[in-house]
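Biologist: I would like to go through this model with you step by step, asking about one feature at a time. Please give the reasoning before you settle on each answer.

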Amino acid sequence: MSELTEGKKAPAFKMKASGGREVSSAALKGKPYLIYFYPKANTPGCTTQACGVQEALPQLGHLGLEVIGVSPDAIPPIEKFAAKYNLAFPLASDEDHKVAEAYGVWVEKSMYGKTYMGMERSSFLVGADGKIVRIWRKVKPAEHAAQVLEAAAAL
């Protein structure tokens, strides 16, 4: 599979999400959106990132931007995470990591000398035309929301 780059069409997706929702690229047709991938619900970095995005939601919504967070977690831990931090935007479950693979973010990682496959913390800003406008790889959780706001304002 070729690497996704800015200007390419964003891969299609359809996933179950928090709050009994379903998210899909088809439902977002004609709207700009941010799809961001995070490794695990309720971990420090992912919490910082999600809360930052939640805080920026009013401004992002003002810009007409939809936000979807994606992790390989099952729906129950995602629901707990969303409820604990009052996250209003959908958090989607990509348990089979098909969407992560399509976006090239299901990668080999290593910790304490062990290698394993996992989710790379990455974000994709997609324009109303369905093309990728901006890609952030190896996102720093605390800086994420500000970077997205700045890029979304330019859409």
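Biologist: Is glutamate 6 buried, partly exposed or exposed?

Modeller: This is a predicted model, and the answer rests on the accessibility computed from it. Buried means under 20% relative accessible area and exposed means over 50%, with partly exposed in between. Glutamate 6 has a relative accessible area of 44%, so the residue is partly exposed.

Biologist: Which residue meets the side chain of glutamate 6 in a salt bridge?

Modeller: Glutamate 6 lies in the segment before E1, and its partner lies in strand E9, so the pair ties together parts of the chain that are 128 residues apart in sequence. The partner is partly exposed, with a relative accessible area of 34%. The bridge, with 4.0 Å from N to O, is made with arginine 134.

Biologist: Which residue forms a salt bridge with lysine 40, and is that partner buried or exposed?

Modeller: The closest N and O atoms of the bridge between lysine 40 and aspartate 73 are 3.9 Å apart. Lysine 40 lies in the loop between E3 and H1 and aspartate 73 in the loop between E4 and H2, so the bridge ties together parts that are 33 residues apart in sequence. Lysine 40, at 45% relative accessibility, counts as partly exposed. Its partner has a relative accessible area of 8% and is therefore buried: aspartate 73.

Biologist: Which residues are linked with Arg137 in a network of salt bridges?

Modeller: One bridge joins the side chains of arginine 137 and glutamate 120, at 3.1 Å from N to O. Arginine 137 lies in the loop between E9 and H4 and glutamate 120 in the loop between strand E7 and E8, so this bridge ties together parts that are 17 residues apart in sequence. Glutamate 120 is buried, with a relative accessible area of 10%, whereas arginine 137, at 28%, counts as partly exposed. The residues linked with Arg137 in the network are Glu3, Glu120 and Lys138.

Biologist: At which residue does H1 bend?

Modeller: Helix H1 covers residues 44-62 and reaches 28 Å from its first C-alpha to its last, close to the 27 Å expected at 1.5 Å a residue. The helix nevertheless bends by about 50°, and proline 58 follows the site of the bend within four residues. That site is among the buried residues of H1, which also include Val53, Leu57 and Leu60. The bend is at alanine 56.

Biologist: Which helices are included in what covers the buried residues of H1?

Modeller: The cover includes three strands' worth of contacts to consider, namely E3, E4 and E8, together with helices. Seen from the other side, the cover over the buried residues of H4 includes H1, along with E3, E8 and strand E9. The helices included in the cover of H1 are H2 and H4.

Biologist: Is histidine 144 buried or exposed?

Modeller: Histidine 144 has its place in helix H4, and it touches Leu34, Tyr36, Gln49, Val53, Ser123 and Val139, not counting residues up to four places away in sequence. Its relative accessibility is 0%, so histidine 144 counts as buried.

Biologist: Which element gives the most residues to the largest nonpolar core?

Modeller: In soluble globular proteins, nonpolar side chains tend to be buried together. The largest nonpolar core here has 26 residues, and those that touch the most other members are Leu34, Tyr36, Tyr38, Leu60, Val67, Phe89 and Leu91. E3, H1, H2 and H4 each supply at least two residues of this core. The element that gives the most, with 6 residues, is H1.

Biologist: Is the pair of tyrosine 36 and phenylalanine 89 stacked, tilted or edge-to-face?

Modeller: Planes under 30 degrees apart count as stacked and those over 60 as edge-to-face, with the rest tilted. The two ring centres are 6.1 Å apart and the planes stand at 55°, so the pair of tyrosine 36 and phenylalanine 89 is tilted.

Biologist: How far apart, centre to centre, are the rings of phenylalanine 13 and tyrosine 33?

Modeller: The count comes to 8 aromatic pairs. In the pair of phenylalanine 13 and tyrosine 33, the planes are 70° apart, and the arrangement is edge-to-face, with the centres separated by 5.9 Å.

Terms used. Residues are numbered from 1 along each chain as its sequence is written. This is a predicted model: local features need pLDDT of at least 70, side-chain atom pairs count only at pLDDT 80 or more; totals for chains, interfaces and linings use all residues. Side-chain values use heavy atoms; hydrogens and water are left out. The expected span of a helix is 1.5 Å times one less than its number of residues. The bend at a residue is the angle between axes fitted to the seven residues ending there and the seven starting there. Buried means under 20% relative accessible area, exposed over 50%, partly exposed in between (1.4 Å probe, protein chains only). Contact means heavy atoms within 4.5 Å. Rings of Phe, Tyr and Trp (its six-membered ring) pair if their centres lie within 6.5 Å; planes under 30 degrees apart count as stacked, over 60 as edge-to-face and the rest as tilted. A nonpolar core is a set of buried Ala, Val, Leu, Ile, Met, Phe, Trp, Tyr and Cys residues joined through side-chain atoms within 4.5 Å.
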